[in-house]
Amino acid sequence: MIKILEARFVTTAVEPKGYPTSPAPEVAFVGRSNVGKSSMINALAGRKKLVRVSNTPGRTRALNFFDVDVERGTKRHTVRFADLPGYGFAKVSKTERAEWQKMITAYLEKRRDLKIVVSIIDSEVGPTPDDFQTLNYLQESNRQIMVVATKIDRMPKARRKPRLQALADELSLPREAVLPFSATEKLGFDEVWDALLNTLTA
């Protein structure tokens, strides 16, 4: 049983010197714009407005860090979430997109506290070329990856398992490696947290 005790904003950064210095195992969330990343982070943190949810894709333009105090069984943990800018959104300049890429790459390659990257895929849309590119990059960087399929509530229950299998096949992953999630129904909340904590405490 997972219990959220507290969640709080830590800082915003655009370069390494602005990253939090207090030690805590870090989880980064990546995904294309409008994939439901902010809603997922809010749901996992047990807060409705910890992360601003915008109808305008591409709103996140920096790295935002949040600390979540969570209890599983008798043990308490503090986990740091890093919310990375969404990718694949067309309405930003090439220069700005290049700056984002540089900022994200510097974080993913150099951040020592980063223990696992949650790659978020839209369960309805499926993996886009940007998703494949990001996953390939993460695998080449030897980062531990967790794939989560969001917005699973938007399809009938009978279609969910076959859809997850199809997503796993597309990504060349075993079925159990793709976790379903719905911020609306809180579906997958315990499963994602268990997977995160198992990795962070291994």
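Which residue forms a salt bridge with E26? Select R111 and you have the partner: the closest N and O atoms of R111 and E26 are 2.8 Å apart. Before going on, keep in mind that this is a predicted model.

**Stop 1: R111 and its neighbours**

With both residues still selected, trace where each one comes from. R111 sits in the loop between α2 (94-110) and β5 (114-122), while E26 belongs to strand β2 (residues 26-31). The two are 85 residues apart, so this pair links distant parts of the chain. Now colour by accessibility. R111 is buried, at a relative accessible area of 9%, and E26 is buried as well, at 0%.

Add D113 to the selection. Its side chain also meets that of R111 in a salt bridge, at 3.7 Å from N to O. D113 is partly exposed, since its relative accessible area is 21%, and a residue has to be under 20% to count as buried.

Next, bring in D67 and R80. Together with E26, R111 and D113 they are linked in a network of salt bridges. If you want to hunt for others, a search of the whole structure finds 14 salt bridges.

**Stop 2: K37 in helix α1**

Move to K37, which you will find in helix α1. Which residue does K37 pair with in a salt bridge? Select D83: the closest N and O atoms are 2.5 Å apart. D83 lies in strand β4 (residues 75-83) and K37 in helix α1, so their salt bridge ties together parts of the chain that are 46 residues apart in sequence. Buried or exposed, these two? Both are buried: D83 has 0% relative accessibility and K37 has 7%.

Stay on K37 and show the backbone of L84. The K37 side chain reaches the backbone oxygen of L84 at 2.6 Å. For the wider surroundings, show the residues K37 touches, leaving aside those up to four places away in sequence: F29, V30, G31, D83, L84, P85, G86 and I120.

**Stop 3: the rest of α1, and on to R61**

Now select the whole of α1, residues 37-45. The helix is mostly covered, with eight of its nine residues buried. Among the buried ones, besides K37, are S38, M40, I41 and N42; A43, L44 and A45 are buried too. Step past the end of the helix to G46, which follows α1 and has a positive phi, near 65°.

Carry on along the chain to R61, in the loop between α1 and β3. R61 is partly exposed, at 46% relative accessibility. Put a distance label from R61 to G86: they are 25 residues apart in sequence, and their C-alpha atoms are 8.3 Å apart in space. You have met G86 already, as one of the residues that K37 touches.

**Stop 4: aromatic rings**

Time for the rings. How many aromatic pairs are there? The count comes to six. Select F9 and F66 for one that is edge-to-face, with 5.7 Å between the centres and 65° between the planes. Here, too, the pair links distant parts of the chain: F9 is in strand β1 (residues 2-13) and F66 is in strand β3 (residues 63-72), 57 residues apart. Switch on the surface to compare the two partners. F9 is partly exposed, at 47% relative accessibility, whereas F66 is buried, with a relative accessible area of 3%.

From F66, step back to F65. Select it along with Y19 and Y107, and you have the three members of one aromatic cluster.

**Stop 5: helix α5**

Finish at helix α5, residues 189-200. How far does α5 reach from its first C-alpha to its last? Its twelve residues reach 17 Å, close to the 16 Å expected at 1.5 Å a residue. Now highlight F189, V192, W193, L196, L197 and L200, which are buried. Turn the view to look down the helix axis. Why do these residues fall on the same side of α5? They cover an arc of only 125° around the axis, and that puts them on the same side. The general rule behind such a pattern is that an α-helix has 3.6 residues a turn, so residues three or four places apart point the same way.

Definitions and conventions. Residues are numbered from 1 along each chain as its sequence is written. This is a predicted model: local features need pLDDT of at least 70, side-chain atom pairs count only at pLDDT 80 or more; totals for chains, interfaces and linings use all residues. Side-chain values use heavy atoms; hydrogens and water are left out. Rings of Phe, Tyr and Trp (its six-membered ring) pair if their centres lie within 6.5 Å; planes under 30 degrees apart count as stacked, over 60 as edge-to-face and the rest as tilted. Helices (H or I, at least four residues) and strands (E, at least two) are DSSP runs, numbered from the N terminus. Buried means under 20% relative accessible area, exposed over 50%, partly exposed in between (1.4 Å probe, protein chains only). A salt bridge is a side-chain nitrogen of Lys or Arg within 4 Å of a carboxyl oxygen of Asp or Glu. A polar contact is a pair of N or O atoms within 3.5 Å; within protein, one must be able to donate a hydrogen and the other to accept it, and residues adjacent in sequence count only if both atoms are side-chain atoms. Contact means heavy atoms within 4.5 Å. The expected span of a helix is 1.5 Å times one less than its number of residues. The arc is that of the directions from the helix axis to the C-beta atoms.
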